[in-house]
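User: I have a protein with a ligand to look at. Can we go through it step by step?

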Amino acid sequence: MPVTAAKGTAEKDTTAKDVPGKDSGARVVDTARQDDLLAKARDSQLGNYKPPAFVLTRGSGPHVWDAAGRRYLDFSGGIAVTSVGHANSRLARAIADQANTLVHTSNLFYNERAIQLAHALTKRTGFAKAFFCNSGAEANEAMIKLSRRWHHDHGAPERKKIIAMNSSFHGRTMGALAVTGQPKYHVGMEPMMGGVVHVPFNDVAALESAVDAQTAAIIVEPIQAEGGIAVPADDYLRRVRALADARGVLLLLDEVQTGVGRTGTFLAADKYGVRADACSLAKGIAGGVPLGVMLVDKSREDGLPPGSHATTFGGNPIACRAALEVLSILDDDDVLGNVARASSLARARMETWVGRFKVISEIRGFGLLLGARVAAGVDALALNGKMRDEGLLLSIAGGDVLRISPSLNIGASDLQAGLDTMERVLAVASQ
Ligand SMILES: *Cc1c(COP(=O)(O)O)cnc(C)c1O
């Protein structure tokens with residue numbers, strides 16, 4: 001299906017499911033409705049984001065539509081979140097059914113869906129236990145707390161230090177922010193949580209000299225996603241695992257972005273044959289419904305005893321039901337097989353960009369977490385804006401990488417169409 005959402009064009013859409021009665025026939029570009037929403041947004045939403053001037057109202061598969069009726073092919077996938085596509089009908093039915101059954105229980109009581117999801121995730125990954133929260137940052141907070149508390153309860157209360165990586169991203173809450181190795185996110189938010197040391201990513205020697213008798217844990221992303229889709233040496237993660245074992249510290253893997261099939265295996269760590277002491281998931285796990293997960297290895301499963309940690313919404317039945325449905329869809333539709341096929345198709349085309357387009361210097365990533373790094377001096381944001389004008393949504397990673405992270409079940413023709421758009425824009429920009 002070609003991308004036809006060039007700026008200002010109307011899109012006839014036969015799968016419209018907007019407000020009943022509003023959109024039965026061909027769509028027209030209705031900028032008045034959109035302008036009204038944008039004015040209200042400027043008037044009432046906090047200014048901590050800087051989105052482009054359109055308002056998304058609905059989606060279908062790999063596409064989204066704005067309030068003016070324009071269609072976009074979504075290669076951002078909601079920042080690697082919409083793992084089974086927009087408005088996936090199976091996911092929608094599961095969420096609706098759960099909403100009609102039981103929405104919330106709090107952590108005071110067991111609920112069926114959280115139990116089923118914990119069972120499914122532990123069986124799938126080999127971790128012993130699961131803890132549920134509501135975001136990636138919260139899952140990382142849980143890992144930090146678990147590592148300190150585990151040592152506290154096992155005769156080493158002096159082990160408080162968390163070693164993290166430069167250019168890492170772990171979220172915006174204060175603990176996750178403290179381990180995030182990007183100083184720009186710390187500006188004006190100090191004092192940071194203490195006991196955090198940063199070392200260069202993909203540098204085992206630096207890590208070795210930073211780990212000491214006060215160290216509780218090492219936190220690392222298997223692939224630095226927000227940091228620019230930085231892939232470490234093949235043996236890096238295995239050597240970090242060995243170091244953690246030798247020095248008695250926990251290895252915390254942040255798989256918030258790389259997990260749930262994004263890089264081609266269910267966990268990116270599977271690719272490297274490494275098991276963490278604890279691992280965080282969020283983004284794609286529930287197909288767009290907010291859910292964070294901490295998975296914990298058997299050896300650390302007593303890390304957070306009763307009363308030591310909690311969240312009111314954690315294990316929310318709708319979020320857990322959504323995640324169960326996502327897991328079923330991954331299996332039933334061989335979505336990881338699709339990731340492998342789509343990835344090799346995309347990579348093969350993208351590799352030709354280096355050399356062919358002078359604005360592109362390097363191709364990075366695995367699975368459907370792929371990046372085209374722009375050459376020095378090239379404005380990635382401006383390029384991204386041009387793609388958007390052509391009806392293609394991308395996101396930027398690390399300031400200079402055009403990130404492709406579409407739905408994991410994206411079809412070959414939609415993928416090719418998006419790559420066509422990218423090539424058109426890159427060709428013009430390279431002239
Ligand atoms: C997005 C992300 C987070 C933060 O997740 P939120 O849900 O935004 O809190 C943490 N770690 C990594 C690797 C991420 O990509």
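Analyst: Start with a term: a residue is buried when its relative accessible area is under 20%. Keep in mind that this is a predicted model.

User: What percentage of the 431 residues in the protein is buried?
Analyst: The cut-off for buried is under 20% relative accessible area. Applied to the 431 residues of the protein, it gives a buried share of 53%.

User: How many helices and strands does the protein have, and why can it be called as compact as a globular protein of its length?
Analyst: The protein has 14 helices and 15 strands. For 431 residues the globule rule gives 22 Å, and the protein is as compact as a globular protein of that length because its radius of gyration is close to that, at 22 Å.

User: Which helix gives the largest share of the shell around the ligand?
Analyst: A residue belongs near the ligand if one of its heavy atoms lies within 4 Å. Residues around the ligand include Gly136, Ala137 and Asn140. The largest share of the shell is three residues, and it comes from residues 136-153, helix α5.

User: How many residues of each class are in the shell around the ligand?
Analyst: Among the residues around the ligand are Phe169, His170 and Glu221. Sorted by class, the shell holds three charged, three nonpolar and six polar residues.

User: Which side chain has an N or O atom 2.7 Å from a nitrogen atom of the ligand, and what share of the ligand does the protein bury?
Analyst: For the nitrogen atom of the ligand, the side chain at 2.7 Å is that of Asp254. Alone, the ligand exposes 380 Å², and the share buried by the protein is 81%.

How values were computed. Residues numbered from 1 in each chain as written. Predicted model: local features only at pLDDT ≥ 70, side-chain atom pairs only at ≥ 80, totals over all residues. Heavy atoms only, no water. Polar contact = N/O pair within 3.5 Å; in protein donor to acceptor, adjacent residues only side chain to side chain. Areas by Shrake-Rupley, 256 points an atom, 1.4 Å probe, with all protein chains shown as cover. Helix = DSSP H or I, 4+ residues; strand = E, 2+ residues; numbered from the N terminus. Nonpolar A, V, L, I, M, F, W, Y, C, P; charged D, E, K, R; others polar. Rg over C-alpha atoms; globule rule 2.2 N^0.38 Å. Buried < 20%, exposed > 50% of the residue type's maximum accessible area, 1.4 Å probe, protein only.
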